[in-house]
Amino acid sequence: MSIANEELPIATGHARSKTENDGLKLEPVKGTVLIVEDDPAHRELLVELLTGWGYAPLPVGSAEEAEFAVRNKRMDAAIVDVFLPGRSGTNLMARLREKFPQSILIGVSAMSDSSMARKCKGLGADLFIGKPLAPEKLAQALQSRHTSWH
């Protein structure tokens, strides 16, 4: 039986390791997620959520710190607050999309209207989520594959 061109279950975010035990355990595949959030409380909450889900968070408080943090690192996803002190999150999103075209890029903001979502889309974001962030929406976003916007 040929399974050529069959999609592997990558979007599940799980890898299975072979053991002699019949009770195989699914282990989360770790990926690096850049968190760009100027509010320390929100940033810490995101770090806790992502760590619990098996991701390796890379938290920073500004666009400038974010660019320095990913200078020589690979990131699998980024959660970027649109309104940051200094250089804006919107400018950062455009730069991250250019440098990491295969990464999942998620824009977040308390000003969650359709024009903000369109602006983020135009800058290369895969998704936009309004604050306060719903954990289930964030989990789904991180497991998505960005094929619809670009």
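Strand S6 (residues 104-109) and strand S7 pair up in the parallel sense, with 4 bridges joining them. In that pairing, isoleucine 106 sits opposite leucine 127 of S7. Keep in mind that this is a predicted model.

S6 and S7 belong to a bigger arrangement: an open sheet of 5 strands, paired in parallel and ordered S4-S3-S5-S6-S7. S4 and S7 (127-130) are the edge strands, each with a single partner, so one side of each has no neighbour in the sheet. On average, neighbouring strands here are turned by 20 degrees against each other, direction ignored.

Now for strand S3. It covers residues 32-36, and 4 of its 5 residues are buried. S3 pairs with S4 and also with S5, as follows.

| Strand pair | Residues of the partner | Sense | Bridges | One residue pair |
|---|---|---|---|---|
| S3 and S4 | 56-60 | parallel | 5 bridges | isoleucine 35 and proline 59 |
| S3 and S5 | 77-81 | parallel | 4 bridges | valine 33 and alanine 77 |

How does the chain get from S3 to S4? It passes through helix H1 (residues 40-52), and this β-α-β crossover is right-handed.

Helices also pack against the sheet. H1 touches S3, S4 and S5, and its direction makes about 170 degrees with that of S4. Helix H5 (residues 135-143) lies across S3, S5, S6 and S7, and runs at about 155 degrees to S6.

If you want one residue to zoom in on, try serine 109, which is in strand S6. Is serine 109 buried or exposed? Its relative accessibility is 1%, and buried means under 20%, so serine 109 counts as buried. Leaving aside neighbours within four places in sequence, serine 109 is in contact with Asp81, Val82, Phe83, Phe128, Ile129, Gly130 and Lys131. There is a polar link too: a polar atom of the serine 109 side chain lies 3.0 Å from the backbone nitrogen of methionine 111.

Lys131 from that contact list also takes part in a peptide bond worth a look. The bond from lysine 131 to proline 132 is cis, with omega near 0 degrees. Most peptide bonds are trans. Proline 132 itself is in the loop between S7 and H5.

Stepping back to the whole chain, there are 5 helices and 7 strands. Along the sequence they follow the pattern β-β-β-α-β-α-β-α-β-α-β-α. Of the 150 residues in the chain, 36% are buried. Among contacts between residues at least 6 apart in sequence, 57% join residues at least 24 apart.

Finally, a word on confidence. The chain averages a pLDDT of 79, and 76% of the residues score at least 70. Which stretches stay under 50? Residues 1-22 do, and residues 146-150 do as well. For residues 1-22, the model has 19 contacts beyond four places in sequence, and for residues 146-150 it has 17 such contacts. Where pLDDT is low, the predicted coordinates should not be read in detail.

How values were computed:
Residues are numbered from 1 along each chain as its sequence is written. This is a predicted model: local features need pLDDT of at least 70, side-chain atom pairs count only at pLDDT 80 or more; totals for chains, interfaces and linings use all residues. Side-chain values use heavy atoms; hydrogens and water are left out. pLDDT is the predictor's confidence in each residue, from 0 to 100. Contact means heavy atoms within 4.5 Å. Buried means under 20% relative accessible area, exposed over 50%, partly exposed in between (1.4 Å probe, protein chains only). Helices (H or I, at least four residues) and strands (E, at least two) are DSSP runs, numbered from the N terminus. Two strands pair if DSSP finds at least two bridges between them. A crossover is right-handed if, with the strands pointing away from the viewer, the path from the first strand over the helix to the second runs clockwise. Axes are lines fitted to C-alpha atoms, for helices over the stretch in contact, and angles run from 0 to 180 degrees between N-to-C directions. A polar contact is a pair of N or O atoms within 3.5 Å; within protein, one must be able to donate a hydrogen and the other to accept it, and residues adjacent in sequence count only if both atoms are side-chain atoms.
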